Amino acid sequence: MSSVAVDVPRTRRRYGRRRRTVGWVFAGPAAALLALFFAYPLAASLLQSLEGGFGNYARLVRDPSFLRSLGNAGLILVVQVPVMIGLATVLAYVLNQSWLKFRATLRVAYFLPAVTTLVAYAVVFRVLLRTEGGAVNQFLGLQVDWLNDPFWARVALIASLTWRWVGYNAVILLAGLQGIGREQYEAAAIDGAGPLTAFRRVILPQLRPVVVFCSITSTIGTLQLFDEPLVLTGGGPGDATLTPILYLYQVGFKQFDFGYAAAIAWAVVALIGALSWLQFRYFGSRTSGKERA
């Protein structure tokens with residue numbers, strides 16, 4: 001009896017060790033790849049940014065090109081993201097209506113720009129927006145220098161981003177709309193609320209968590225912009241469309257100043273984290289407060 005009592009814990013320990021060993025056999029290769037291609041470069045870039053102390057970070061606040069790139073990203077964030085999410089919300093609401101024909105086809109059509117390769121669609125916009133012979137100028141009957149004038153270059157970049165991402169965000173918001181029960185629409189109609197009132201008082205408050213998610217992901221995407229400004233304008237004219245990641249590329253792979261490029265990368269990471277936290281804290285707290293109420 002005593003030998004059995006002693007053998008049972010020992011067997012359990014052997015079984016536990018065997019399970020952990022099997023787990024590491026399966027997870028080990030993935031963990032090794034993660035450490036080699038993610039954790040190590042991350043730590044190496046942080047150390048590289050700190051070569052010579054915090055000199056690279058102090059240089060950031062005195063660098064006019066970096067500050068202009070932040071200003072351009074801030075302009076896109078303030079102008080393009082609200083317009084895009086507003087259009088996506090309206091589009092999702094329309095696509096959710098039962099009276100709309102070919103809803104599935106339209107949903108796919110509006111989502112297609114999001115699966116188009118970044119370089120391909122930027123090249124298409126570059127061709128469409130050419131000053132001489134561009135389809136946009138021909139359609140409008142104007143001679144706008146879309147890609148060489150600072151103001152119009154920003155407009156062109158914002159328009160291209162909006163075209164690509166409205167459908168993507170609309171699909172996400174549509175999923176949120178489909179989670180709202182039909183009985184709530186019926187209750188609003190019984191109370192005499194029209195479509196606009198029901199949309200503002202019933203739909204938007206419940207859609208707020210999804211809107212916050214779209215806002216945070218759009219903020220991250222805006223601060224990581226690279227392909228579109230590179231292909232459309234090259235960051236010009238005169239740094240008018242220069243973004244932090246495009247500037248990082250120029251510093252790292254044209255000037256070969258990798259320590260300073262790493263500092264730019266970590267500054268962008270810190271900025272993304274701060275803005276995401278602020279959005280989640282402000283809008284998320286309002287959402288949770290209303291749910292508790």
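R68 is partly exposed, with 39% of relative accessible area, a value that falls between the 20% under which a residue is buried and the 50% over which it is exposed. The model in which this arginine sits is a predicted one. R68 is a useful place to start, since its contacts lead to other parts of the chain.

R68 forms a salt bridge with D239, and the closest N and O atoms of the pair are 3.0 Å apart. R68 belongs to helix 3 and D239 to the loop between helix 10 and helix 11, so this salt bridge ties together parts of the chain that are 171 residues apart in sequence. D239 is partly exposed as well, because its relative accessibility of 21% is not under the 20% that a buried residue needs. The backbone of D239 also deserves a look: its phi is positive, at about 65°, although D239 is not a glycine.

The loop that holds D239 has another backbone feature. P237 lies in this loop, which runs between helix 10 (227–232) and helix 11 (244–253). The peptide bond that joins G236 and P237 is cis, with omega at about -5°.

How many salt bridges does a search of the whole structure find? The search finds two. Besides the pair of R68 and D239, there is a salt bridge between R59 and D257, whose closest N and O atoms are 2.8 Å apart. This pair also links distant parts of the chain, with R59 in helix 2 (residues 55–60) and D257 in the loop between helix 11 and helix 12, 198 residues apart. R59 has a relative accessible area of 32% and is therefore partly exposed. D257 counts as partly exposed too, at 24% relative accessibility.

The loop between helix 11 and helix 12 (258–292) is also the place of F256. F256 has a positive phi, near 55°, in a residue other than glycine. Is F256 buried or exposed? F256 counts as exposed, because its relative accessibility of 56% is over the 50% cut-off.

Helix 11 itself presents another picture. Seven of its 10 residues are buried, so helix 11 is largely enclosed by the rest of the structure. The buried residues of helix 11 are P244, L246, Y247, L248, Q250, V251 and G252.

The next step goes back to helix 3, which spans residues 64–95 and includes V83. V83 is partly exposed, with a relative accessible area of 42%. On the surface, V83 joins L75, V78, V79 and L87 in a nonpolar patch, and together these residues have about 400 Å² of accessible area. A general point about helices helps in reading such a set of positions. An α-helix has 3.6 residues a turn, so residues three or four places apart point the same way.

Helix 3 also packs with helix 9 (residues 195–223), at an angle of about 140° and with the two axes 9 Å apart. Angles over 145 degrees would count as roughly antiparallel and those from 65 to 115 as roughly perpendicular, so helix 3 and helix 9 are oblique to each other. The crossing of helix 3 and helix 9 is right-handed.

Helix 9 contains A198. This alanine is buried, because its relative accessible area of 11% is under the 20% cut-off. A198 and Q184 are 14 residues apart in sequence, and their C-alpha atoms are 9.1 Å apart in space.

Another alanine, A114, is found in helix 4 (residues 103–115). A114 is buried, with a relative accessible area of 15%. Which distance separates A114 from Y168 in space? From C-alpha to C-alpha, A114 and Y168 are 5.8 Å apart, while 54 residues separate them in sequence.

These details can now be set in the whole. The secondary structure of the protein comes to 12 helices and zero strands. From the N terminus on, the elements run α-α-α-α-α-α-α-α-α-α-α-α. The protein has 293 residues, of which 34% count as buried.

Technical notes. Residues numbered from 1 in each chain as written. Predicted model: local features only at pLDDT ≥ 70, side-chain atom pairs only at ≥ 80, totals over all residues. Heavy atoms only, no water. Helix = DSSP H or I, 4+ residues; strand = E, 2+ residues; numbered from the N terminus. Buried < 20%, exposed > 50% of the residue type's maximum accessible area, 1.4 Å probe, protein only. Patch = residues over 30% accessible without salt bridge, like charges linked within 9 Å, V, L, I, M, F, W, Y side chains within 5 Å. Areas by Shrake-Rupley, 256 points an atom, 1.4 Å probe, with all protein chains shown as cover. Salt bridge = Lys/Arg side-chain N within 4 Å of Asp/Glu carboxyl O. Axes fitted to C-alpha atoms, helices over the stretch in contact; angles between N-to-C directions. Parallel < 35°, antiparallel > 145°, perpendicular 65-115°, else oblique. Left-handed = near helix turned anticlockwise from the far one by under 90°.
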